[in-house]
Amino acid sequence: MAKKKDDDCWKKGGKDCGPGEQPSIFDQLKKRPFKFSLWYFVIVMISLMLFNTYYVSRQQEKELVEYSVFKEKIQSGEIKRVGLGKENYFGFTTEDEGTSALVYKTVPVNDPLFVPFLDERGVSYYAMVTREPVLLNLLFQWVIPFGLLFFVWRLMFRRMGSMGSNVLSFGKNRAQIVAEGETGVTFKDVAGADEAKEELEEIVDFLTNPQKYTEIGGKIPKGVLLVGAPGTGKTLLARAVAGVAHVPFFRMSGADFVEMFVGVGAARVRDLFKQAREKAPCIIFIDELDAIGKSRINVMGGNDEREQTLNQLLVEMDGFDSTAGLILLAATNRPEILDPALLRPGRFDRQVLVDKPDLKGREAILKIHSANVKLDESVNLLEVAKSTPGFVGADLANIVNEAALLAVRDKRKKVKQGDFMEAIEKVVAGLAKKSRLINPREREIVAYHETGHALMAAKTEGADPVQKISIVPRGMGALGYTMQTPTEDRFLMTRKELLGKIDVLLGGRAAEELVFGDISTGAANDLTRATDIARRMITDYGMSERYRNVALTKRATPFLGERAEPVMAREYSESTQSYVDDEVARIIEERYGVVSETLRDNREILEKITKRLLEVEVLEAAEFLAMVG
């Protein structure tokens with residue numbers, strides 16, 4: 001028993017041993033099991049290499065002398081024996097190899113008389129092979145190269161298999177299984193997309209109460225495609241579904257299927273649906289579906305790997321059992337490039353549009369994002385919503401955050417209405433560059449230019465009201481801007497309203513020419529937008545005299561509309577193109593004349609507003625309207 005107690009004591013490191021129980025270091029080393037480590041091998045190899053190098057260097061300790069001195073020592077008889085090496089000559093002071101002798105070393109020169117010189121003096125000589133460090137050569141020629149190859153091999157396979165060091169792990173899907181409630185998002189956190197929310201609530205209801213639908217013979221859609229511009233809340237809706245579904249939720253991005261090895265994408269699709277069927281009822285969510293679902297029509301030299309992945313996805317969706325409770329949820333902002341086979345009934349049966357929020361939706365979104373923000377009593381979120389037409393949920397969340405940061409910057413505890421308006425300006429026009437120095441001449445030109453825009457907006461029927469005029473430089477090269485806010489969300493525009501937009505855009509250029517008798521480059525963007533409106537009136541809207549009610553251009557317009565460049569295909573003759581160009585020039589010239597006349601008639605107001613703008617740099621709507629009368 002005492003022996004066992006001693007063993008237990010030293011196995012624990014000897015810390016708890018009593019008097020007389022502490023084992024000696026030799027006993028510990030004798031009984032401690034030996035474990036091989038790669039570091040032992042490395043230490044031994046380095047020790048042998050150093051010893052070998054030191055031994056060879058000691059054996060070859062020589063005194064280096066000049067060649068002429070070397071020959072003089074042979075002439076005097078001090079050197080009795082010479083070793084002829086490839087790179088050096090070695091001279092020994094004794095003829096016996098066993099005794100220690102002083103050794104001289106020299107670097108040979110091209111001297112064909114050296115050997116006859118040795119024969120003449122009776123000095124023995126022989127060819128000498130230089131000893132090389134064998135272990136050092138072994139280390140550098142074999143051990144280190146193979147060690148590097150082994151290290152690279154291990155590193156490559158470790159990175160290749162993120163789910164294991166096996167190559168077969170490539171075929172495993174990378175979906176993240178989201179448990180109920182882990183997202184922290186429910187449908188209460190979603191606003192501005194009521195119709196889309198109702199569609200997804202129905203999907204969740206089917207998974208939780210399937211008998212309600214099967215009793216009447218109804219079948220739930222196999223796939224639901226969320227379509228909308230970036231930032232409208234498609235992924236947020238999916239996270240809300242995961243938060244309330246009470247079923248397993250597989251989340252994966254379309255890019256996760258794409259890999260450098262052929263067949264990996266299709267294998268991941270198979271593995272994903274296999275796991276999903278085992279856990280049915282459940283939901284699969286694929287974000288950015290267009291990464292693997294691009295159309296195969298008219299594609300020259302297509303990507304075979306992507307097509308295989310798409311084909312496998314189509315096959316798996318065909319194999320759905322509508323009663324199994326397996327639903328595929330996907331999101332994209334480019335539905336126009338998706339393959340038609342994906343969108344047919346039986347696959348993505350239902351397409352849910354997550355559109356930009358209207359006025360009511362924007363106000364609701366602002367309330368959600370400002371729920372944890374300390375707001376001043378003067379804050380009116382409805383006014384903020386009115387000032388942000390066309391903004392999506394991500395833009396509104398950014399505005400709330402920017403407003404809070406501005407309040408902190410001013411060392412205030414609450415966010416004011418002015419912080420929201422400044423945040424909107426920052427998002428729309430860019431950051432104010434108050435440090436940029438502008439010479440007085442250019443500053444005056446900018447002031448008249450912006451006043452021309454604002455005055456034409458005030459004098460044009462149906463134009464959006466002016467909210468603010470500024471000559472503070474902002475963003476990427478903008479020296480000033482005129483902010484207009486629509487009174488309501490608009491979806492249609494009349495011909496008169498389009499011409500009014502052109503008038504407002506031309507107001508800056510016309511004001512410059514009226515006051516200075518010359519024009520500047522500051523109206524470049526205004527002219528581009530005005531020309532585009534005039535051209536679309538003729539080619540797209542059928543608002544020309546000759547081609548009335550005729551669309552001349554076929555436009556493959558992306559879903560995003562104005563934010564993306566449309567692909568235009570001209571289907572008319574050169575003479576028609578000439579007419580379009582002439583008509584665009586005529587419209588612009590005609591409207592420019594109207595604008596110039598309007599500004600000329602209101603020259604006194606133009607000068608008064610510009611003078612005030614040069615004084616304050618920023619002119620608010622109330623003061624501007626009072627000056628316009």
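**Exercise 1.** In this predicted model, find which residues Arg-350 is in contact with, leaving aside its neighbours within four places in sequence.

*Solution.* Leaving aside those neighbours within four places, Arg-350 is in contact with Glu-199, Glu-202, Ile-203, Pro-221, Gly-223, Val-224 and Leu-225. Next, place the residue itself: Arg-350 belongs to strand 11, which covers residues 350-353. Finally, take one of these partners, Gly-223, which lies 127 residues from Arg-350 along the chain, although the C-alpha atoms of the two are separated by 6.5 Å.

**Exercise 2.** Describe how helix 19 (residues 524-539) and helix 20 (residues 574-601) are arranged.

*Solution.* Two packed helices are described by the angle between their axes and by the distance between those axes. Here the axes of helix 19 and helix 20 come within 9 Å and cross at roughly 130 degrees. Helix 19 and helix 20 are therefore oblique to each other, and helix 19 passes helix 20 in a right-handed crossing. As a last step, look at the residues that meet: among them are Ala-530, Ala-534 and Ile-538 in helix 19, and Val-580, Val-584 and Ile-587 in helix 20.

**Exercise 3.** Locate the two partners of the salt bridge between Glu-617 and Arg-443.

*Solution.* The structure holds 27 salt bridges, and in one of them the side chains of Glu-617 and Arg-443 meet at 3.5 Å, N to O. Glu-617 sits in the loop between helix 21 (603-616) and strand 16 (618-620), while Arg-443 is in helix 17 (residues 440-459), so that the pair, 174 residues apart, links distant parts of the chain.

**Exercise 4.** Which residues make the nonpolar surface patch of about 460 Å²?

*Solution.* Leu-138, Trp-142, Phe-146 and Leu-149 make this patch, and Trp-142 is found in helix 6 (residues 134-160).

Key
Residues are numbered from 1 along each chain as its sequence is written. This is a predicted model: local features need pLDDT of at least 70, side-chain atom pairs count only at pLDDT 80 or more; totals for chains, interfaces and linings use all residues. Side-chain values use heavy atoms; hydrogens and water are left out. Patches are made of residues with over 30% relative accessible area and no salt bridge: like charges are joined within 9 Å, nonpolar side chains (Val, Leu, Ile, Met, Phe, Trp, Tyr) within 5 Å. Accessible areas come from the Shrake-Rupley method with a 1.4 Å probe; for residues, only the protein chains shown count as cover. A salt bridge is a side-chain nitrogen of Lys or Arg within 4 Å of a carboxyl oxygen of Asp or Glu. Helices (H or I, at least four residues) and strands (E, at least two) are DSSP runs, numbered from the N terminus. Axes are lines fitted to C-alpha atoms, for helices over the stretch in contact, and angles run from 0 to 180 degrees between N-to-C directions. Angles under 35 degrees count as roughly parallel, over 145 as roughly antiparallel, 65 to 115 as roughly perpendicular and the rest as oblique. A crossing is left-handed if the near helix is turned anticlockwise from the far one by less than a right angle, and right-handed if clockwise. Contact means heavy atoms within 4.5 Å.
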